[in-house]
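Reader: I would like a close look at one part of this model, taken slowly and with the numbers. Please choose the salt bridges and the sheet around them, and put them in the context of the fold.

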Amino acid sequence: MTELTHINASGEANMVDVSAKADTVREARAEAFVSMSEETLALILSGQHHKGDVFATARIAGIQAAKKTWDLIPLCHPLLLSKVEVQLEPVPEHNQVRIVSACKLAGKTGVEMEALTAASVAALTIYDMCKAVQKDMVIGPVRLLEKRGGKSGDFFAGTAQQGEC
């Protein structure tokens with residue numbers, strides 16, 4: 001098993017020094033699901049929600065969240081993201097919304113946390129916008145689908161559908 005990189009020799013949390021690493025293209029995709037009632041999903045899809053376009057708002061929230069990940073997760077580096085994409089897809093047969101985020105940059109550290117944060121915050125935004133009509137929505141699972149680039153190499157989640165990051 002690989003050692004934890006955010007713990008120093010004294011066992012204290014610290015930010016990893018990436019200054020000696022080469023800049024490489026790094027990409028990551030993550031997904032999150034929001035499960036809800038058939039009626040709530042229909043309300044979102046009809047565009048009749050009194051708060052406005054739920055998917056557009058969640059998409060913007062996810063993009064903003066990816067850009068602010070370093071502000072939210074204590075030991076993340078501030079990154080100059082070159083791409084953030086958030087896609088929302090209804091899954092009516094399961095009364096769910098699937099959120100897939102993709103982040104990309106040329107830099108010294110990966111973008112997995114940014115992709116996970118984007119998907120998570122988009123899911124939270126859907127919950128926030130719809131909680132007045134349904135409080136028992138469920139968020140999850142949230143997971144990394146794939147990452148590319150960097151010293152640790154590529155990762156692809158076993159049952160995920162491989163796509164372009």
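Author: The model is a predicted one. The structure holds eight salt bridges, and three of them are taken up below, after the fold that carries them.

The secondary structure comes to four helices and five strands. In sequence order the pattern is β-α-α-α-β-β-α-β-β. The strands make an open sheet of five, in the order E2-E3-E1-E4-E5, and the pairing is antiparallel. Strand E2 (83-91) and strand E5 (155-156) stand at the edges with a single partner strand each, so one side of each has no neighbour in the sheet.

Two of the strand pairings can be given in detail. E1 and E4 pair in the antiparallel sense over eight bridges. E4 and E5 are also antiparallel, over two bridges, and in that pairing Glu146 stands opposite Phe156 in E5. E4 and E5 form a hairpin with six residues between them. Gly149, in the turn, has a positive phi of about 95 degrees.

Helices lie across this sheet. Helix H2 (residues 54-67) lies across E2 and E3, and runs at about 145 degrees to E2. H4 lies across E1, E2, E3 and E4, with an angle of about 25 degrees to E1.

Now to the salt bridges, beginning with Glu31. Which residue is the bridge partner of Glu31 in E4? The bridge partner is Arg143, and here the word refers to the strand pairing. The side chains of Glu31 and Arg143 also meet in a salt bridge, at 2.7 Å from N to O. Glu31 lies in strand E1 and Arg143 in strand E4 (residues 138-148), so this pair ties together parts that are 112 residues apart in sequence. Glu31 is buried, with a relative accessible area of 4%, whereas Arg143 is partly exposed at 27%. Salt bridges that share partners join Glu31, Glu89, Arg98 and Arg143 into one network.

Another salt bridge of Glu31 is the one with Arg98, where the side chains meet at 2.7 Å, N to O. This pair links distant parts of the chain, with Glu31 in strand E1 and Arg98 in strand E3, 67 residues apart. Both Glu31 and Arg98 are buried.

Regarding the side chains of strands in general, there is one background point. In a regular strand the side chains alternate between the two faces of the sheet.

Gln96 gives a second view of strand E3, where it is found. Is Gln96 buried or exposed? Gln96 is buried, because its relative accessible area is 16% and the cut-off for buried is under 20%. The C-alpha atoms of Gln96 and Ser35 are separated by 4.3 Å, although the two residues are 61 apart along the chain. The side chain of Gln96 also makes a polar contact with the side chain of Ser35, at 3.0 Å. Leaving aside residues up to four places away in sequence, Gln96 touches Phe33, Val34, Ser35, Leu41, Glu89, Pro90 and Val91. One of these, Glu89, is also a member of the salt-bridge network with Glu31, Arg98 and Arg143.

The third salt bridge joins Asp23 and Lys108, whose side chains meet at 3.7 Å, N to O. Asp23 lies in the segment before strand E1 (24-35), and Lys108 in the loop between strand E3 (96-107) and helix H4 (112-130), so the pair ties together parts that are 85 residues apart in sequence. Asp23 is exposed, with a relative accessible area of 51%. Lys108 is partly exposed, with a value of 29%.

Some totals for the whole protein put these pairs in context. Among contacts between residues at least 6 apart in sequence, 69% join residues at least 24 apart. Of the 165 residues, 38% count as buried, and Glu31 and Arg98 are both buried. The protein exposes about 9,400 Å², and carbon and sulfur atoms supply 55% of that area.

Key
Residues numbered from 1 in each chain as written. Predicted model: local features only at pLDDT ≥ 70, side-chain atom pairs only at ≥ 80, totals over all residues. Heavy atoms only, no water. Salt bridge = Lys/Arg side-chain N within 4 Å of Asp/Glu carboxyl O. Buried < 20%, exposed > 50% of the residue type's maximum accessible area, 1.4 Å probe, protein only. Contact = heavy atoms within 4.5 Å. Polar contact = N/O pair within 3.5 Å; in protein donor to acceptor, adjacent residues only side chain to side chain. Areas by Shrake-Rupley, 256 points an atom, 1.4 Å probe, with all protein chains shown as cover. Pairing = 2+ DSSP bridges. Axes fitted to C-alpha atoms, helices over the stretch in contact; angles between N-to-C directions.
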